Amino acid sequence: MPLYLYNTLTRQKELFTPYKPPYVGLYVCGPTVYGDPHLGHARAAITFDVLFRYLTYLGYKVRYVRNITDVGHLEGDADEGEDKILKKARLEKVEPIEIAHRYTALYHKAMDALNVLRPSIEPAATAHIPQQIAMIERILARGYAYVVNGSVYLDIERYRQDFPYGILSGRSVEELLAGTRELEGQGEKKNPWDFALWKRAEPTHLMQWDSPWGRGFPGWHIECSAMSIHYLGLPFDIHGGGLDLVFPHHEAEIAQAHACFGPEAQHQARFWIHNNLVTIEGQKMSKSLGNFITVEEIFTGTHPKLTRAYPPMALRLLILQAHYRSTLDFSEEALLGAYRAYLRLMSAYQRLKEVSPGSHSDFSVQAWREKVFAALDDDLNTAAALALFFSQIEDILRLRRRELFLLPEDLTLLQNTWQEVLEKILGLTFPPQVSWVNWQKVVELLIQLRRQARLEKNYGLADLLREELSGAGVRLMDFPDETLWELSA
RNA sequence: GGCGACGUGGCCGAGCGGUUAGGCACGGGUCUGCAAAACCCUCUACGGGAGUUCGAAUCUCCCCGUCGCCUCCA
């Protein structure tokens, strides 16, 4: 079945085919590691996790590269602000790399909980300085950049003579000019829309490297060009990221690739795919608005907008119930709804495993299955695919009650489809991790029951409870006035 | 100001000319020791206006409103 994906570059859905089958090169802009992972990170990661999983399911040999940006990402107006990681390090009086490592670890922890698969390669910008410098040198040699006071800028005016600038975001340089604010401190640049490939570092700057232009550090956009091309070649198949990266980040990447490699670069990637943003009460979630929610806050229920904790799969389902190119408006009500929907889905999945086959089939599993894959093939419409599962739940319950029947091969196909699509492709896990608190409550309750049984000298029941608990990995120890328990293998 | 999205029932959210999308919530009922689950029923929308069409949430135009990008952000 052919997979169609929406390509930001062409603004339409296109049939996806790899450049060099069966290999697929997928590059996604990962986090700049200077803060806690939030709902936006979760949405991007889950979106491309599903794409990665689906491409793999379809039989492609996917190399999935997702970077860690740990240098060069400046705050505030272009080329004037302070490096985000550096600022955090300065505030906390630690090494920048400590900041990077800490937030990388937190990112991994959050994404692991959401069952987001690790990419094949996760390169850090600071580990690829030579590749970035090499690219900049080549861009300079080809005449598309200039050096000023130890900094290097891409010369958009020169670039435009040979390549169109703004094709991804649909902007023209004239429009950019009209929209450019009067900014101070851009004196180094020939034109305000030029962007930095390399920045000179003051001696006190904490992160700096030797370069042909003196001590400095790379610009924000060059690391993604360098690392994606280094690991995936040129052009590679898919470049992804959040919608907010379209301009200037991805536009700059395309320019860098062309400036460095010429027309061969072919826009660096053949498909540019962008997930839409998460909004809170209709507004973009962002630090400056103070309305962002971290993934951890969802799991612990500690955000002021939340009244309780939610398991990771509730969030994963919420995200998958919207199409990735639509904005997703977050609210606790919506999250709670997704959590309940998840529990219902899980329950139905369990029931499905208990169904026994019949001597005829009352409905076509194949037709249903084709609809599911048609939805996935239609630009990864996970919402539509999930709806097909939900609307089948009634039939599953009837199958189990033996009011409906399926031949053995149809039943197997149905069960396999649930497993393949929900678990393998959509990455939902069943069952959810029961919280330790709830687990404790259940064990305590059983112990209480057993205590009652012992008081009534119902030792048969008491022993049964102890044996069953033991089988479930809970070891009981009776003392005169209390019963202690611990986990056992 | 430029570019681009979007406005669907209480909430979230599919939909791309002709079926009830789906989830959650709400109300009534069956069942049940109580409850839950399950099942049945109720509600059943498409910002406003005009147009195209046998037929429009879906196409065209106008208006209103919301949001994103244009400066860092997934």
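User: How much space lies in the largest cavity of this model, and what makes that space a cavity?

Analyst: About 80 Å³ of space lies in the largest cavity. The model is a predicted one. The space is called a cavity because a 1.4 Å probe fits there but cannot get out.

User: How many cavities of 30 Å³ or more does a search of the whole structure find?

Analyst: Two. The second largest cavity holds about 40 Å³ of space.

User: Which residues line the largest cavity, and what makes a residue part of a lining?

Analyst: A lining residue has an atom within 4 Å of a cavity point. For the largest cavity these residues are Ile-46, Thr-47, Val-50, Ile-319, Leu-320, Ala-322, Tyr-324, Leu-380 and Thr-382. Two elements, helix H1 (39–57) and helix H10 (312–320), give two or more residues each to this lining. The largest share, three residues, comes from H1. At least three lining residues are drawn from each of domain 1 (4–275) and domain 2 (279–425).

User: How do the residues of that lining divide into nonpolar, polar and charged?

Analyst: Seven are nonpolar, two are polar and none is charged. Thr-47 and Thr-382 belong to the lining, and they count as polar because Thr is not on the nonpolar or the charged list.

User: What lines the second largest cavity, and how do those residues divide?

Analyst: Its lining consists of Pro-31, Thr-32, Val-33, Gly-35, Asp-36, Pro-37, His-41, Tyr-103 and Tyr-107. Five are nonpolar, three polar and one charged. The charged residue is Asp-36, because Asp is on the charged list and no other lining residue is of a charged type.

User: Why is Pro-312 called buried?

Analyst: Pro-312 has 12% relative accessibility. Buried means under 20%, so Pro-312 counts as buried. Pro-312 is found in helix H10. Not counting residues up to four places away in sequence, Pro-312 touches Ala-113, Leu-114 and Phe-299.

User: Why are His-250 and His-258 called buried?

Analyst: The cut-off is again under 20%. His-250 has 0% relative accessibility, so it counts as buried. His-258, at 4%, therefore counts as buried as well. His-250 is found in helix H8, and His-258 lies in helix H8 (residues 246–261).

User: Which residues are in contact with each of the two, leaving aside neighbours within four places in sequence?

Analyst: His-250 is in contact with Cys-29, Leu-168, His-239, Gly-240, Gly-241, Leu-245, Trp-272 and His-274. His-258 is in contact with Arg-142, Tyr-159, Phe-163, Ala-265, Gln-266 and His-267.

User: What makes a set of residues a nonpolar core, and which members of the largest one touch the most other members?

Analyst: The members must be buried residues of the listed nonpolar types, joined through side-chain atoms within 4.5 Å. The largest nonpolar core has 85 residues, of which Phe-330, Leu-345, Trp-418, Leu-426 and Leu-428 touch the most other members. This core draws at least three residues from each of domain 1 (4–275) and domain 2 (279–425). Another core, of 58 residues, lies apart from it, with Ala-89, Phe-163, Ala-252 and Ile-254 among its members.

User: What is Leu-426 in contact with, leaving aside neighbours within four places in sequence?

Analyst: Leu-426 is in contact with Val-50, Arg-316, Leu-320, Leu-376, Thr-382, Leu-386 and Val-421. Val-50, Leu-320 and Thr-382 also appear in the lining of the largest cavity.

Technical notes: Residues numbered from 1 in each chain as written. Chains lettered and ligands numbered in written order. Predicted model: local features only at pLDDT ≥ 70, side-chain atom pairs only at ≥ 80, totals over all residues. Heavy atoms only, no water. 1 Å grid on protein atoms, 1.4 Å probe; cavity = no way out; pocket = protein on both sides within 12 Å on 5 of 7 lines; lining within 4 Å. Points joined across faces, edges and corners; volume = space filled by probe spheres on them. Helix = DSSP H or I, 4+ residues; strand = E, 2+ residues; numbered from the N terminus. Domains from an automatic or database assignment. Buried < 20%, exposed > 50% of the residue type's maximum accessible area, 1.4 Å probe, protein only. Contact = heavy atoms within 4.5 Å.
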